[in-house]
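Reader: Could you take me through one part of this model in some detail? I'd like to hear about the membrane annotation and the helices around it.

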Amino acid sequence: MKLIRYLILRILLTVPALLGITLLIFSLIRFIPGDPARAILLTMFDPSTNLSDLEKDAEVLHKQLGLDQPLPIQYGSWLWKIIRGDLGVSFRSKTPILDELLHRFPATLELAGAALIIMLVIAIPSGIAGAVYHRKAVDHATRVIALIGVSVPSFFLGLVLMYTLSVKLGWLPTMGRGGGDHLILPALTLGIGLSSVTARLLRTSLLQVFSQRYIILAEAKGLHRRTILFKHALPNALLPVLTSFGLVIGGLIGGTVIIETVFSWPGVGRYVVDAITGRDYPVIQAFALLMALVYILLNLAVDVIYRWMDPRVRLEQEGQHG
């Protein structure tokens, strides 16, 4: 029951945050230079059209879109549509944005899921090896590799992998979405960058756990190092990693914007990039709101899971409440 009350309280606290985010997104989009109505007409511009007619059409479209209304009325109308599940209509495709996002989201989810698996496969063994072989050759090698993974931009890493594995060696297809072989390159690009951060965090957390008294006591009792590592040290060392996991997954979904563009992956990220280049403001607003909602929900889930897994957090909160 206490966990349910905590969950309800956390959900209620997210409501003001979501309202603030919607206000910020609405304000930032409105301060972008350029008139959305003119941007729409320019995408359908006919060279034979008279400029005066273009200006008249822009004024008419300006009123149709409600852009002539005061900003509070525009914000209230936009917020009410969002509450009803209406994210608007794309200026370019003239189709509902929610339908477009639902159509493209499976491709993004597929890419993010594969990248997450690759990240865990690389990060967990690297972090464990760096902590177990502290200040040895293995530790130095994993730290250097992690530093390179953090420093190299994802688009540059993607181009290097594409040139090496596709162009030179011909092992994998270069672009597009198809079978499993099309998924390897973009997922590997995303997974390598995120695995570096997770591996360094896990290494640091394990080193801190290794210095705790209960680990020293377990070693004094003669327990096998493998038992100490996987039964006593690793579960506690994963708690800080779990704390950052919400941000990692959020960054994973956000990172698909660049990777999908590089590898021509037909997901949400490429859809948003096309919207940015075409000044499709409703799509940009919808994506920014979607990403904010994903971050909030992921952090909410991480907080609840962390509280459930670590009894020290529950005891501390209950003591403060008492």
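Author: For "transmembrane region", the unreviewed UniProt entry lists residues 7–32, 111–132, 144–163, 183–202, 237–263 and 283–306; positions follow the numbering used here, feature names are shortened, and annotations may be inferred rather than shown by experiment. The model is predicted, so local features need pLDDT of at least 70 and side-chain atom pairs 80 or more, while totals for chains, interfaces and linings use all residues. Numbering runs from 1 along each chain as its sequence is written, and side-chain values use heavy atoms, leaving out hydrogens and water.

Take residues 111–132: the span is 100% helix and 0% strand, with its end C-alpha atoms 32 Å apart. Residues 183–202 are also 100% helix and 0% strand, and there the ends are 27 Å apart. Helices here are DSSP runs of H or I, at least four residues, numbered from the N terminus.

Now helix α6 (residues 137–151): its end C-alpha atoms lie 21 Å apart, which agrees with the 21 Å expected for 15 residues at 1.5 Å a residue, counting one less than the number of residues. Its buried residues (under 20% relative accessible area, 1.4 Å probe, protein chains only) are Asp139, Thr142, Ala146 and Gly149. They cover an arc of only 95° around the axis, so they sit on the same side of α6; the arc is taken from the directions from the helix axis to the C-beta atoms. Exposed residues (over 50%) Ala137 and Ser151 are on the face turned away from that buried side.

As for Ile258, this residue is found in helix α11 (residues 245–262) and is partly exposed, at 39% relative accessible area, in between those two cut-offs.

How values were computed: Helix = DSSP H or I, 4+ residues; strand = E, 2+ residues; numbered from the N terminus.
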